[in-house]
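Let's take a walk through this complex together, going from the DNA to the chains and then to a few single residues. Have the sequence and the 3D view ready as you read.

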2 protein chains.
Amino acid sequence: MNIGEAARASGVSAKMIRYYESVGLIPPAARTDSGYRAYTGSDVHMLRFIRRARDLGFAVAEIHDLLGLWRDRSRKSADVKRVAQQHIADLQRRIDELRQMADTLQTLVACCAGDDRPDCPILANLENTEGLDGHEQHCSRSSRPPH
Amino acid sequence: MNIGEAARASGVSAKMIRYYESVGLIPPAARTDSGYRAYTGSDVHMLRFIRRARDLGFAVAEIHDLLGLWRDRSRKSADVKRVAQQHIADLQRRIDELRQMADTLQTLVACCAGDDRPDCPILANLENTEGLDGHEQHCSRSSRPPH
DNA sequence: GCTAGACCTTGCCATGATGGGAAGGTCAAA
DNA sequence: TTTGACCTTCCCATCATGGCAAGGTCTAGC
(Lines give C-alpha, C1' and ligand atoms only; values in the text may rest on other atoms or scores of the structure.)
Protein backbone atom coordinates (compact mmCIF):
# COMPACT_ATOMS: atom_id res chain seq x y z
CA MET A 1 0.00 0.00 0.00
CA ASN A 2 1.36 3.44 -0.96
CA ILE A 3 1.32 6.35 1.42
CA GLY A 4 -1.65 7.90 -0.37
CA GLU A 5 -3.74 4.79 0.08
CA ALA A 6 -2.68 4.50 3.70
CA ALA A 7 -3.65 8.12 4.18
CA ARG A 8 -7.10 7.62 2.72
CA ALA A 9 -7.58 4.41 4.68
CA SER A 10 -6.51 5.91 8.01
CA GLY A 11 -7.72 9.48 7.79
CA VAL A 12 -4.18 10.75 8.42
CA SER A 13 -2.74 12.89 5.63
CA ALA A 14 0.34 11.65 3.78
CA LYS A 15 2.13 14.72 5.03
CA MET A 16 1.39 13.86 8.62
CA ILE A 17 2.33 10.23 8.18
CA ARG A 18 5.78 11.35 7.04
CA TYR A 19 5.89 13.80 9.93
CA TYR A 20 4.98 11.15 12.51
CA GLU A 21 7.74 9.00 11.08
CA SER A 22 10.25 11.85 11.22
CA VAL A 23 9.54 12.58 14.89
CA GLY A 24 9.65 8.90 15.83
CA LEU A 25 5.99 8.43 16.67
CA ILE A 26 5.84 5.58 14.18
CA PRO A 27 8.71 3.38 13.01
CA PRO A 28 10.22 4.06 9.58
CA ALA A 29 7.99 2.55 6.94
CA ALA A 30 9.19 -0.29 4.73
CA ARG A 31 10.32 0.84 1.29
CA THR A 32 9.85 -0.53 -2.19
CA ASP A 33 12.87 -0.86 -4.49
CA SER A 34 12.12 2.57 -5.88
CA GLY A 35 11.99 4.14 -2.45
CA TYR A 36 8.24 4.42 -2.03
CA ARG A 37 6.97 3.89 1.50
CA ALA A 38 4.94 0.68 1.82
CA TYR A 39 2.23 0.19 4.43
CA THR A 40 0.40 -2.86 5.73
CA GLY A 41 -3.07 -3.19 7.19
CA SER A 42 -1.46 -3.24 10.60
CA ASP A 43 0.24 0.08 9.87
CA VAL A 44 -3.10 1.57 8.90
CA HIS A 45 -4.54 0.22 12.12
CA MET A 46 -1.88 2.07 14.05
CA LEU A 47 -2.45 5.24 12.06
CA ARG A 48 -6.13 5.09 12.83
CA PHE A 49 -5.28 4.76 16.52
CA ILE A 50 -3.15 7.88 16.22
CA ARG A 51 -5.83 9.73 14.33
CA ARG A 52 -8.40 8.92 16.96
CA ALA A 53 -6.07 9.96 19.76
CA ARG A 54 -5.37 13.27 18.00
CA ASP A 55 -9.12 13.80 17.68
CA LEU A 56 -9.32 13.44 21.45
CA GLY A 57 -6.68 16.15 21.77
CA PHE A 58 -3.73 14.03 22.86
CA ALA A 59 -0.37 15.54 21.93
CA VAL A 60 2.10 13.50 19.92
CA ALA A 61 4.20 12.84 23.01
CA GLU A 62 1.17 11.48 24.85
CA ILE A 63 0.22 9.33 21.87
CA HIS A 64 3.74 7.95 21.97
CA ASP A 65 3.04 6.75 25.49
CA LEU A 66 -0.39 5.44 24.57
CA LEU A 67 1.04 3.50 21.64
CA GLY A 68 3.59 1.96 23.97
CA LEU A 69 0.84 0.86 26.33
CA TRP A 70 -1.27 -0.38 23.43
CA ARG A 71 1.56 -2.59 22.25
CA ASP A 72 2.39 -3.78 25.75
CA ARG A 73 0.32 -6.87 26.37
CA SER A 74 1.23 -6.79 30.04
CA ARG A 75 0.26 -3.19 30.58
CA LYS A 76 -1.81 -2.18 33.54
CA SER A 77 -5.03 -0.43 32.70
CA ALA A 78 -4.21 1.89 35.59
CA ASP A 79 -1.35 3.32 33.53
CA VAL A 80 -3.63 4.06 30.63
CA LYS A 81 -6.19 5.57 32.94
CA ARG A 82 -3.59 7.85 34.47
CA VAL A 83 -2.55 9.21 31.07
CA ALA A 84 -6.17 9.80 30.17
CA GLN A 85 -6.94 11.49 33.46
CA GLN A 86 -3.99 13.81 33.15
CA HIS A 87 -5.18 14.72 29.69
CA ILE A 88 -8.68 15.37 30.97
CA ALA A 89 -7.22 17.65 33.61
CA ASP A 90 -5.32 19.50 30.91
CA LEU A 91 -8.44 19.85 28.80
CA GLN A 92 -10.35 21.08 31.82
CA ARG A 93 -7.73 23.68 32.54
CA ARG A 94 -7.92 24.98 28.99
CA ILE A 95 -11.72 24.93 29.07
CA ASP A 96 -11.73 26.93 32.28
CA GLU A 97 -9.35 29.49 30.81
CA LEU A 98 -11.50 29.95 27.75
CA ARG A 99 -14.68 30.04 29.75
CA GLN A 100 -13.25 32.71 32.02
CA MET A 101 -12.52 34.81 28.95
CA ALA A 102 -15.94 34.17 27.47
CA ASP A 103 -17.72 35.00 30.72
CA THR A 104 -15.89 38.29 31.12
CA LEU A 105 -16.58 39.25 27.54
CA GLN A 106 -20.18 38.21 27.82
CA THR A 107 -20.68 40.50 30.77
CA LEU A 108 -19.11 43.38 28.87
CA VAL A 109 -21.12 42.71 25.74
CA ALA A 110 -24.30 42.69 27.79
CA CYS A 111 -23.42 46.17 29.04
CA CYS A 112 -22.66 47.55 25.56
CA ALA A 113 -25.49 49.49 23.93
CA GLY A 114 -24.35 48.37 20.49
CA ASP A 115 -25.69 51.45 18.76
CA ASP A 116 -24.28 54.44 16.85
CA ARG A 117 -22.79 56.10 19.90
CA PRO A 118 -19.08 55.71 20.69
CA ASP A 119 -19.37 54.98 24.40
CA CYS A 120 -18.53 51.36 24.97
CA PRO A 121 -17.93 49.42 28.18
CA ILE A 122 -15.92 46.84 26.25
CA LEU A 123 -13.29 49.37 25.23
CA ALA A 124 -13.55 50.96 28.65
CA ASN A 125 -12.66 47.66 30.24
CA LEU A 126 -9.73 47.05 27.91
CA GLU A 127 -8.52 50.53 28.65
CA ASN A 128 -8.63 50.32 32.42
CA THR A 129 -6.57 47.75 34.17
CA GLU A 130 -9.27 47.58 36.81
CA GLY A 131 -12.76 46.23 36.47
CA LEU A 132 -14.38 42.94 35.63
CA ASP A 133 -11.33 40.92 36.44
CA GLY A 134 -13.38 39.38 39.19
CA HIS A 135 -17.10 38.99 39.23
CA GLU A 136 -18.55 42.46 39.08
CA GLN A 137 -22.11 42.78 38.04
CA HIS A 138 -22.52 46.46 37.30
CA CYS A 139 -22.08 47.95 33.89
CA SER A 140 -19.13 50.33 33.91
CA ARG A 141 -19.01 53.79 32.46
CA SER A 142 -17.85 55.31 29.18
CA SER A 143 -14.66 54.88 27.16
CA ARG A 144 -12.72 57.47 25.27
CA PRO A 145 -9.17 57.01 24.04
CA PRO A 146 -6.49 58.95 25.92
CA HIS A 147 -5.01 62.19 24.52
CA MET B 1 11.19 55.39 28.96
CA ASN B 2 13.27 52.41 27.78
CA ILE B 3 11.64 49.26 26.51
CA GLY B 4 12.35 47.45 29.77
CA GLU B 5 10.54 50.05 31.81
CA ALA B 6 7.65 50.10 29.37
CA ALA B 7 7.51 46.31 29.63
CA ARG B 8 7.36 46.39 33.41
CA ALA B 9 4.80 49.19 33.38
CA SER B 10 2.53 47.49 30.86
CA GLY B 11 2.91 43.83 31.63
CA VAL B 12 4.00 43.12 28.04
CA SER B 13 7.47 41.64 27.69
CA ALA B 14 10.12 43.62 25.82
CA LYS B 15 10.29 40.74 23.38
CA MET B 16 6.61 41.02 22.60
CA ILE B 17 6.70 44.80 22.33
CA ARG B 18 9.30 44.47 19.58
CA TYR B 19 7.21 41.73 17.99
CA TYR B 20 4.04 43.85 18.02
CA GLU B 21 6.01 46.62 16.38
CA SER B 22 7.39 44.26 13.74
CA VAL B 23 3.95 43.00 12.75
CA GLY B 24 2.47 46.49 12.67
CA LEU B 25 0.18 46.20 15.65
CA ILE B 26 1.82 49.26 17.18
CA PRO B 27 3.60 52.04 15.31
CA PRO B 28 7.42 52.07 15.32
CA ALA B 29 8.64 53.48 18.61
CA ALA B 30 10.55 56.72 18.77
CA ARG B 31 14.29 56.24 19.10
CA THR B 32 16.99 57.92 21.12
CA ASP B 33 20.18 59.06 19.41
CA SER B 34 21.79 55.76 20.24
CA GLY B 35 18.94 53.74 18.76
CA TYR B 36 17.13 52.79 21.95
CA ARG B 37 13.34 52.66 21.66
CA ALA B 38 11.66 55.40 23.72
CA TYR B 39 8.15 55.08 25.11
CA THR B 40 5.70 57.57 26.54
CA GLY B 41 2.95 57.10 29.09
CA SER B 42 0.51 57.02 26.22
CA ASP B 43 2.44 54.17 24.62
CA VAL B 44 2.27 52.25 27.87
CA HIS B 45 -1.44 52.89 27.98
CA MET B 46 -1.78 51.31 24.55
CA LEU B 47 0.39 48.37 25.56
CA ARG B 48 -1.80 47.77 28.58
CA PHE B 49 -4.83 47.77 26.29
CA ILE B 50 -3.13 45.16 24.15
CA ARG B 51 -2.15 43.11 27.15
CA ARG B 52 -5.69 43.10 28.45
CA ALA B 53 -7.09 42.15 25.05
CA ARG B 54 -4.61 39.29 24.79
CA ASP B 55 -5.70 38.12 28.22
CA LEU B 56 -9.24 37.96 26.86
CA GLY B 57 -7.99 35.77 24.03
CA PHE B 58 -8.17 38.26 21.18
CA ALA B 59 -5.73 37.51 18.38
CA VAL B 60 -3.33 40.19 17.23
CA ALA B 61 -5.42 40.84 14.10
CA GLU B 62 -8.51 41.39 16.22
CA ILE B 63 -6.61 43.67 18.56
CA HIS B 64 -5.58 45.64 15.53
CA ASP B 65 -9.25 46.26 14.80
CA LEU B 66 -10.01 47.03 18.43
CA LEU B 67 -7.18 49.54 18.60
CA GLY B 68 -8.58 51.21 15.49
CA LEU B 69 -11.98 51.51 17.13
CA TRP B 70 -10.43 52.67 20.35
CA ARG B 71 -8.67 55.50 18.57
CA ASP B 72 -11.72 56.39 16.50
CA ARG B 73 -13.69 58.95 18.46
CA SER B 74 -16.61 58.59 16.09
CA ARG B 75 -16.81 54.81 16.33
CA LYS B 76 -20.11 53.10 16.85
CA SER B 77 -20.27 50.91 19.89
CA ALA B 78 -22.12 48.43 17.67
CA ASP B 79 -18.86 47.82 15.79
CA VAL B 80 -16.99 47.05 18.98
CA LYS B 81 -19.82 44.84 20.14
CA ARG B 82 -19.73 42.88 16.88
CA VAL B 83 -16.01 42.18 17.22
CA ALA B 84 -16.52 41.04 20.78
CA GLN B 85 -19.45 38.83 19.90
CA GLN B 86 -17.56 37.16 17.10
CA HIS B 87 -14.76 36.47 19.51
CA ILE B 88 -17.16 35.06 22.05
CA ALA B 89 -18.53 32.76 19.36
CA ASP B 90 -15.00 31.64 18.55
CA LEU B 91 -14.25 30.99 22.20
CA GLN B 92 -17.49 29.06 22.51
CA ARG B 93 -16.61 26.91 19.52
CA ARG B 94 -13.22 26.09 21.02
CA ILE B 95 -14.79 25.39 24.39
CA ASP B 96 -17.29 23.03 22.80
CA GLU B 97 -14.54 21.18 20.95
CA LEU B 98 -12.55 20.70 24.12
CA ARG B 99 -15.58 19.75 26.14
CA GLN B 100 -16.55 17.16 23.55
CA MET B 101 -13.10 15.63 23.93
CA ALA B 102 -13.24 15.79 27.70
CA ASP B 103 -16.71 14.24 27.83
CA THR B 104 -15.72 11.33 25.61
CA LEU B 105 -12.60 10.72 27.63
CA GLN B 106 -14.46 11.04 30.88
CA THR B 107 -16.88 8.35 29.81
CA LEU B 108 -14.02 6.07 28.84
CA VAL B 109 -12.13 6.72 32.04
CA ALA B 110 -15.23 5.89 34.04
CA CYS B 111 -15.36 2.53 32.29
CA CYS B 112 -11.68 1.73 32.91
CA ALA B 113 -10.97 -0.50 35.87
CA GLY B 114 -7.63 1.21 36.45
CA ASP B 115 -6.05 -1.86 37.99
CA ASP B 116 -3.23 -4.27 37.15
CA ARG B 117 -5.06 -5.98 34.31
CA PRO B 118 -4.39 -4.98 30.71
CA ASP B 119 -7.98 -4.76 29.50
CA CYS B 120 -8.84 -1.14 28.95
CA PRO B 121 -11.83 0.49 27.30
CA ILE B 122 -9.79 3.60 26.62
CA LEU B 123 -7.37 1.75 24.36
CA ALA B 124 -10.25 -0.26 22.97
CA ASN B 125 -11.94 2.94 21.92
CA LEU B 126 -8.81 4.36 20.33
CA GLU B 127 -8.35 1.11 18.51
CA ASN B 128 -11.83 0.87 17.06
CA THR B 129 -13.05 3.59 14.81
CA GLU B 130 -16.53 2.94 16.15
CA GLY B 131 -17.83 3.60 19.60
CA LEU B 132 -18.33 6.60 21.85
CA ASP B 133 -18.21 9.09 19.03
CA GLY B 134 -21.79 9.85 19.93
CA HIS B 135 -23.32 9.51 23.31
CA GLU B 136 -23.16 5.88 24.23
CA GLN B 137 -23.54 5.01 27.83
CA HIS B 138 -22.37 1.45 28.02
CA CYS B 139 -18.85 0.47 28.86
CA SER B 140 -17.28 -1.30 25.91
CA ARG B 141 -15.27 -4.47 25.98
CA SER B 142 -11.59 -5.36 26.14
CA SER B 143 -8.63 -4.11 24.14
CA ARG B 144 -5.68 -6.03 22.85
CA PRO B 145 -3.25 -4.77 20.24
CA PRO B 146 -3.48 -6.40 16.80
CA HIS B 147 -0.99 -9.08 15.68
C1' DG C 1 7.28 1.57 -26.75
C1' DC C 2 5.95 6.16 -25.59
C1' DT C 3 3.40 9.65 -23.26
C1' DA C 4 0.33 11.82 -19.97
C1' DG C 5 -1.09 12.16 -15.59
C1' DA C 6 -1.24 10.57 -11.07
C1' DC C 7 1.59 9.39 -7.72
C1' DC C 8 5.88 9.37 -4.89
C1' DT C 9 10.40 11.49 -2.87
C1' DT C 10 12.95 15.22 -0.16
C1' DG C 11 13.43 19.83 1.30
C1' DC C 12 12.13 24.41 2.39
C1' DC C 13 8.75 27.88 4.02
C1' DA C 14 4.71 29.55 6.71
C1' DT C 15 1.50 29.58 10.37
C1' DG C 16 0.90 32.37 15.87
C1' DA C 17 2.56 34.06 19.93
C1' DT C 18 6.10 33.35 22.69
C1' DG C 19 10.75 32.49 24.81
C1' DG C 20 15.87 31.66 24.51
C1' DG C 21 20.26 32.97 23.28
C1' DA C 22 24.31 35.11 20.90
C1' DA C 23 27.11 39.01 19.45
C1' DG C 24 27.78 43.48 20.00
C1' DG C 25 26.61 48.56 21.35
C1' DT C 26 25.15 51.95 25.35
C1' DC C 27 24.66 53.83 29.75
C1' DA C 28 25.17 54.89 34.62
C1' DA C 29 27.19 54.31 39.01
C1' DA C 30 31.24 53.43 41.67
C1' DT D 1 37.75 53.20 33.73
C1' DT D 2 35.44 49.34 34.74
C1' DT D 3 31.42 46.69 35.61
C1' DG D 4 26.96 45.29 35.19
C1' DA D 5 22.57 46.22 33.56
C1' DC D 6 20.52 47.47 29.78
C1' DC D 7 19.68 47.89 24.71
C1' DT D 8 20.07 46.42 19.56
C1' DT D 9 19.37 42.88 15.72
C1' DC D 10 19.24 38.26 14.19
C1' DC D 11 18.50 33.40 14.43
C1' DC D 12 16.35 29.28 16.43
C1' DA D 13 12.61 26.47 18.68
C1' DT D 14 8.04 25.49 19.87
C1' DC D 15 3.46 22.31 17.77
C1' DA D 16 0.89 20.19 14.20
C1' DT D 17 -0.27 21.24 9.89
C1' DG D 18 -0.41 22.73 4.96
C1' DG D 19 1.74 24.43 0.61
C1' DC D 20 4.99 24.43 -2.95
C1' DA D 21 8.85 23.07 -5.95
C1' DA D 22 12.01 20.06 -8.28
C1' DG D 23 12.58 15.75 -9.60
C1' DG D 24 11.80 10.47 -9.78
C1' DT D 25 8.19 6.44 -10.55
C1' DC D 26 4.32 4.01 -12.04
C1' DT D 27 0.36 2.88 -14.88
C1' DA D 28 -3.17 3.16 -18.37
C1' DG D 29 -4.08 4.17 -22.99
C1' DC D 30 -2.55 4.72 -27.54
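## Where protein meets DNA

In this predicted model, the surface near DNA strand C draws at least two residues from each of three helices: H1 (3-10) and H2 (14-22) of chain A, and H2 (14-22) of chain B. There are 19 residues around DNA strand C, and those that come nearest are A:Asn2, A:Gly4, A:Arg37, B:Ser34 and B:Ala59. By class, the surface near DNA strand C is made of seven nonpolar, six polar and six charged residues.

Now turn to DNA strand D, which also has 19 residues around it. Here the residues that come nearest are A:Ser34, A:Ala59, B:Asn2, B:Gly4 and B:Arg37. Two or more residues of this surface come from each of H2 of chain A, helix H1 (3-10) of chain B and H2 of chain B. The surface near DNA strand D holds seven nonpolar, six polar and six charged residues.

## Two copies and an axis

How are the two chains placed relative to each other? A turn of 180 degrees, with a shift of 0.0 Å along the axis, lays chain A on chain B with an RMSD of 0.1 Å. The two copies are therefore related as by a two-fold rotation axis. If you would like to find that axis in the view, look for A:Ile95: among the residues of chain A, its C-alpha comes closest to the rotation axis, at 2.8 Å.

The contact between the chains takes 54 residues from chain A and 55 residues from chain B. On the chain A side, helices H3 (41-55), H4 (60-71), H5 (77-111) and H6 (121-127) each supply at least two residues. Which of them gives the most to this side? That is H5(A), with 21 residues. By class, the side of chain A that touches chain B has 27 nonpolar, 13 polar and 14 charged residues. Of the interface residues of chain A, 100% are also interface residues in chain B, so the copies meet through the same surface.

A residue of chain B lets you look into this contact from the other side. B:Ala102 sits in helix H5 (residues 77-111) of chain B. Is B:Ala102 buried or exposed? It is buried, because 21 other C-beta atoms lie within 10 Å, where 20 or more are needed to count as buried. Setting aside neighbours within four places in sequence, B:Ala102 is in contact with A:Ile88, A:Leu91, A:Gln92 and A:Ile95. The last of these, A:Ile95, is the residue of chain A that comes closest to the rotation axis.

## Inside a single chain

Let's step back to the fold of chain A, which has six helices and two strands. Read from the N terminus, its elements run α-α-β-β-α-α-α-α. Of its 147 residues, 31% count as buried. Among the contacts in chain A with a separation of 6 or more, 41% are between residues 24 or more positions apart.

H1(A), one of the helices at the surface near DNA strand C, has the buried residues A:Ala6, A:Ala7 and A:Ser10. Seen down the helix axis, these buried residues fall within an arc of 105 degrees, so they line one face of H1(A). They pack against H2 and H3 of chain A. Just after H1(A), A:Gly11 takes a positive phi of about 85 degrees.

For a buried residue in a loop, go to B:Ile26, found between H2 and strand S1 (30-31) of chain B. B:Ile26 counts as buried because it has 21 C-beta neighbours inside 10 Å. Apart from neighbours within four places in sequence, B:Ile26 is in contact with B:Tyr20, B:Glu21 and B:Met46. B:Met46 also gives a sense of scale: its C-alpha atom and that of B:Ala102, 56 residues apart along the chain, are separated by 37 Å. Between the C-alpha atoms of B:Ile26 and B:Cys111, 85 residues apart along the chain, the separation is 52 Å.

## How confident is the predictor?

The mean pLDDT of chain A is 90, and 87% of its residues reach 70 or more. Among the elements of chain A, strand S2 (residues 37-38) has the highest mean pLDDT, 98, and H6(A) the lowest, 93. For the complex, the predictor gives an ipTM of 0.86 and a pTM of 0.87.

Conventions
Residues numbered from 1 in each chain as written. Chains lettered and ligands numbered in written order. Predicted model: local features only at pLDDT ≥ 70, side-chain atom pairs only at ≥ 80, totals over all residues. Near = placed C-beta within 6 Å. Helix = DSSP H or I, 4+ residues; strand = E, 2+ residues; numbered from the N terminus. Nonpolar A, V, L, I, M, F, W, Y, C, P; charged D, E, K, R; others polar. Least-squares fit on C-alpha atoms with pLDDT ≥ 70 in both. Contact = placed C-beta atoms within 7 Å. Buried ≥ 20, exposed ≤ 12 C-beta atoms within 10 Å, placed from the backbone. Arc of directions from axis to C-beta. pLDDT = per-residue confidence, 0-100.
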